Amino acid sequence: MAVTEASPAATGMMALFLNAMDRYVVIGNPVAHSLSPAIHARFAEQAGEALAYERMLVPEGAFAEHARAFFAGGGRGANVTLPFKVDAFDFAGEKSERARIAGAANFLMARAGGIFADNTDGAGLVGDLQRNLGIALRGAAILIIGAGGAARGVVAPLLGEAPARLVIANRTPARAQDLARRFAPLGRVEPCALDGIPAAHFDVVLNATSTSTRGEPLALREGLIGPGTLAYDMAYGPAARAFVDHARSLGAKASDGLGMLVEQAAESFQLWRGKRPQTAAVLSELRARTG
Ligand code: ATR
């Protein structure tokens with residue numbers, strides 16, 4: 001908002017108002033591209049809540065000192081994006097069960113006892129698949145491609161929906177095997193190499209590799225993606241376009257991860273403010289804006 005020629009009294013009032021507003025940030029590096037401030041501004045409008053939500057660029061290796069200063073200065077909460085999700089988890093004194101399982105946090109909140117960490121990414125993905133895209137995960141055959149941080153954050157919530165089958169394929173098969181072992185107490189996960197994906201039908205194929213954000217091609221076996229498959233890229237916008245367009249050209253339904261971003265934000269907003277935002281309108285506005 002631009003304020004021109006305000007009287008000192010009005011400027012003082014404005015400063016008081018801004019100081020009184022609860023402050024939230026999204027912390028990342030890079031972070032300039034983040035849509036989180038726009039999403040939370042819309043949620044706040046919907047809920048009639050006055051809050052400030054800004055981007056916070058933090059140098060790599062300096063997460064803790066910046067987060068400490070933000071909360072010491074009265075900050076109420078933060079979303080955390082790459083590359084700081086493990087730092088955010090380590091930073092918090094209290095952690096939710098789902099953050100512990102993922103070993104990473106995208107959510108921090110100041111509470112009476114200290115800083116609380118949670119992970120709303122998995123719930124965001126499940127919400128987008130089921131509510132926005134109409135995919136029934138119960139009994140579905142799901143393939144996750146990739147075994148890095150993005151994959152690790154979504155395995156438990158997907159297992160929680162009782163799929164018939166959950167396969168993790170990774171370029172480095174040992175990392176897929178590690179994930180399968182890690183999540184074994186929660187359900188069966190089948191690890192394999194990228195060139196060893198079972199010759200079966202998958203209802204959902206999730207690209208959780210960093211190929212889209214790096215602009216690298218992802219070679220998958222013929223017939224893996226086609227009619228009857230939802231091909232989903234956890235990246236969003238132009239980064240995900242090659243994967244999404246390719247899947248559509250093969251006759252599949254396809255989506256980028258914009259809905260996951262909006263749904264994880266809604267989950268965060270509810271935890272912070274106790275009000276559940278309506279996501280559909282916000283998602284379609286962003287789709288119109290980001291193409
Ligand atoms: P993120 O937090 O985004 O998941 P990460 O932890 O570095 O990032 O993991 C990147 C994932 O993308 C890994 O599964 C990686 O495979 P490797 O474990 O073999 O490295 C996968 N990946 C990256 N580039 C890839 C490529 N060109 N082809 C296939 N998989 C790739």
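**Reading the ligand shell, a pocket, a sheet and unusual backbone geometry**

Tutor: Sorted by class, the shell around the ligand comprises four nonpolar, eight polar and three charged residues. Please keep in mind that this is a predicted model.

Student: Which residues come nearest to the ligand?

Tutor: The ligand has 15 residues around it, and those that come nearest are Ala147, Asn170, Thr172, Arg175 and Glu216.

Student: Which atoms of Ala147, Thr172 and Ser210 lie at short distances from oxygen atoms of the ligand?

Tutor: A polar contact is read as a pair of N or O atoms within 3.5 Å. For Thr172, an N or O atom of the side chain is 2.5 Å from a ligand oxygen. Ala147 contributes a backbone N or O atom, 2.9 Å from an oxygen atom of the ligand. Ser210 also contributes a backbone N or O atom, at 3.1 Å from a ligand oxygen. As for burial, the ligand taken alone exposes 640 Å², and the protein buries 79% of that.

Student: How should one read a pocket, and what is the volume of the second largest pocket?

Tutor: Empty space is revealed when a probe the size of a water molecule is rolled over the atoms. In this model, the second largest pocket has a volume of about 270 Å³. Its lining has 20 residues, and the closest to its centre are Leu218, Ala219, Leu220, Phe243 and His246. Two elements, α9 (211-214) and α10 (241-249), each give two or more residues to this lining. The largest share, four residues, comes from α10.

Student: How many residues of each class line the second largest pocket?

Tutor: Eleven residues of that lining are nonpolar, six are polar and three are charged.

Student: How is a sheet read, and what is the order of the strands in the open sheet of six strands?

Tutor: Backbone hydrogen bonds pair the strands of a sheet, in either a parallel or an antiparallel manner. Here the order is β2-β1-β3-β5-β6-β4, and the pairing is mixed. The edge strands, β2 (51-57) and β4 (94-95), each pair on one side only. Strand β1 (residues 22-28) runs parallel to β2, and seven bridges join the two. As a residue-level example, Val26 has Arg55 in β2 as its bridge partner.

Student: Where are the cis peptide bonds at Pro30 and Pro83, and where does Ala162, with its positive phi, lie?

Tutor: As a general guide, most peptide bonds are trans, and most residues other than glycine have a negative phi. In this model, Asn29 and Pro30 are joined by a cis peptide bond, with omega about 5 degrees. Pro30 belongs to the loop between β1 and α2 (36-47). Another cis peptide bond joins Leu82 and Pro83, where omega is about 0 degrees; Pro83 lies in the loop between β3 (77-80) and α4 (85-91). Ala162, although not a glycine, has a positive phi of about 60 degrees. Ala162 is found in the loop between α7 (149-159) and β8 (165-170).

Conventions
Residues are numbered from 1 along each chain as its sequence is written. This is a predicted model: local features need pLDDT of at least 70, side-chain atom pairs count only at pLDDT 80 or more; totals for chains, interfaces and linings use all residues. Side-chain values use heavy atoms; hydrogens and water are left out. On a 1 Å grid over the protein atoms alone, a cavity is a set of points where a 1.4 Å probe fits but cannot get out, and a pocket is an open set with protein on both sides within 12 Å along at least five of seven lines; lining residues have an atom within 4 Å of a point. Grid points are joined across faces, edges and corners, and a volume is the space filled by probe spheres set on the points. Ala, Val, Leu, Ile, Met, Phe, Trp, Tyr, Cys and Pro count as nonpolar, Asp, Glu, Lys and Arg as charged, and the others, Gly among them, as polar. A residue is near a molecule or strand if one of its heavy atoms lies within 4 Å of it. A polar contact is a pair of N or O atoms within 3.5 Å; within protein, one must be able to donate a hydrogen and the other to accept it, and residues adjacent in sequence count only if both atoms are side-chain atoms. Accessible areas come from the Shrake-Rupley method with a 1.4 Å probe; for residues, only the protein chains shown count as cover. Two strands pair if DSSP finds at least two bridges between them.
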